[in-house]
Amino acid sequence: MLDLSDILEARKRVQETAKRTPLEHSYTYSAMTGAEVYLKLENFQRTGAFKIRGATNRIATLSPDQKEAGVVTASAGNHAQGVALAATRSGVDAKIVMPEYAPIAKVKATESYGAEVVLAGADYAEAAERAHEIEREEGRTYVHAFDDEMVMAGQGTIGLEIIEDCPEVDTVVVPIGGGGLISGIATAIKAQSPETRVIGVQAEGASSAAKSLEKGKRVSLDGVDTIADGIATRSIGERTFEHIQEHVDEVVTVSDPEIAVTIVYLLERSKTLVEGAGAVALAAVLFEAFEYDDGETIVPALCGGNIDLNTLTTVVVRGLVETGRYLKIRTVLKDRPGSLEELLEIFTDHRANIYAIYHDRTSREVEMSDTEVEIELEMRGPDHVDAFLEALREAGYEVDVLV
Ligand SMILES: Cc1ncc(COP(=O)(O)O)c(C=O)c1O
């Protein structure tokens, strides 16, 4: 098992390459929750996520022969970029295998950090198979994304920073994918402050750690389904499971809508961009996935900011829907001049602002004398939505709420 000295040693190797990221008190989330919330802003890390810490420590502890032969790994996400930059900074050659469908932005980012990208396989499992072949064929060292003590020790340097910057911390909240991040952080925290709670958070659609703890043995899921792609992992590691059992107080889950709302809060109120996995720890605090007291000092770790713009668009719209700020409705009007204007008067009275309106007289769903309208609206919150829908129905319109 990992201990504090491994993490202190890791820090010496990691500190020149990885940034020490800020810990900031948040008035907004403290006021919302009654706790004292400090955000660990690891989304500002180089490469946009914490992975550079573990990869740097792993590569620094290779023998001279291993460094000469180079490293290989498989990843379509943050680990790819972390290994790429860590290897380049250490003068070690890196090959990163990505599935053939990998978004071009991720391929380019990984190449820009100096690694060679090999596109192989339809999914992560097939890419990993190819990476292990390269490991055997070329004598390269495989850098595991989480189930490796040197990787875990590198990630644990975040725990040292949290305790130094906030010695009074009562609870640290950390996302779990394969479990490397929380294994390192929990080891660092419990060695220095045994009273501090460490809570792990997973997405509801990828909750292998929560299920494994329940069963007392590692559980591998048949499939995963979440917008938090960084933690969409079917199973935690053997080593990480031992560390989680030993050091983690509780593992909880959050839903995709909760994650989306948290991303929107962070953007709007904190001017901070995180990916789904980077939002789950704060989501667990805001949606009370675990119990805490008033005034308790809580540090959620925002571990990554690499979200692609298409996903971000979907998430923002979903977050606005969940918070009653976006509404899409359908109704039916008489197909005669003035009927749309009558409807829109209610919109004006209620200050419901139109994003888009589709007026369809060809729809087979309605009588030939009618026309169907679909309207997307900007709203001010759930109360505004309720009052507006009530006014429409009182005026005799049949309204379907689409989202
Ligand atoms: C942004 C982000 N947060 C959290 C995690 C979870 O880390 P681990 O797999 O070590 O549990 C990942 C893993 O890729 C990640 O990319």
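**View 1. The shell around the ligand mixes nine nonpolar, ten polar and one charged residues.** Keep in mind that everything shown here comes from a predicted model. In this close-up, 20 residues surround the ligand, and the closest of them are Gly-177, Gly-178, Gly-180, Gly-230 and Gly-304. Which elements give two or more residues to this shell? They are H5, helix H9 (180-192) and helix H13 (276-286). H9 chips in with three residues, the largest share of the shell.

**View 2. Helices H5 and H6 come together here.** Now zoom in on H5 (residues 78-89) and its partner H6 (residues 104-112): their axes come within 8 Å and cross at roughly 15°. Because angles under 35 degrees count as roughly parallel, H5 is roughly parallel to H6. As for handedness, the crossing of these two helices is right-handed.

**View 3. A closer look shows who meets whom between H5 and H6.** On the H5 side you'll find Ala-80, Gln-81 and Ala-84, and they meet Lys-106, Ala-109 and Thr-110 of H6. Sort this contact by class and you get three nonpolar, two polar and one charged residues.

**View 4. Helix H16 has the length you'd expect.** This helix covers residues 382-394, which makes 13 residues. At 1.5 Å a residue, H16 should span 18 Å, and its end C-alpha atoms are indeed 18 Å apart, so the two values agree. Look just after H16 and you'll spot Gly-396, which takes a positive phi of about 95°.

Technical notes: Residues are numbered from 1 along each chain as its sequence is written. This is a predicted model: local features need pLDDT of at least 70, side-chain atom pairs count only at pLDDT 80 or more; totals for chains, interfaces and linings use all residues. Axes are lines fitted to C-alpha atoms, for helices over the stretch in contact, and angles run from 0 to 180 degrees between N-to-C directions. Helices (H or I, at least four residues) and strands (E, at least two) are DSSP runs, numbered from the N terminus. Angles under 35 degrees count as roughly parallel, over 145 as roughly antiparallel, 65 to 115 as roughly perpendicular and the rest as oblique. A crossing is left-handed if the near helix is turned anticlockwise from the far one by less than a right angle, and right-handed if clockwise. Two residues are in contact if their C-beta atoms, placed from the backbone, lie within 7 Å. Ala, Val, Leu, Ile, Met, Phe, Trp, Tyr, Cys and Pro count as nonpolar, Asp, Glu, Lys and Arg as charged, and the others, Gly among them, as polar. The expected span of a helix is 1.5 Å times one less than its number of residues. A residue is near a molecule or strand if its C-beta atom, placed from the backbone, lies within 6 Å of it.
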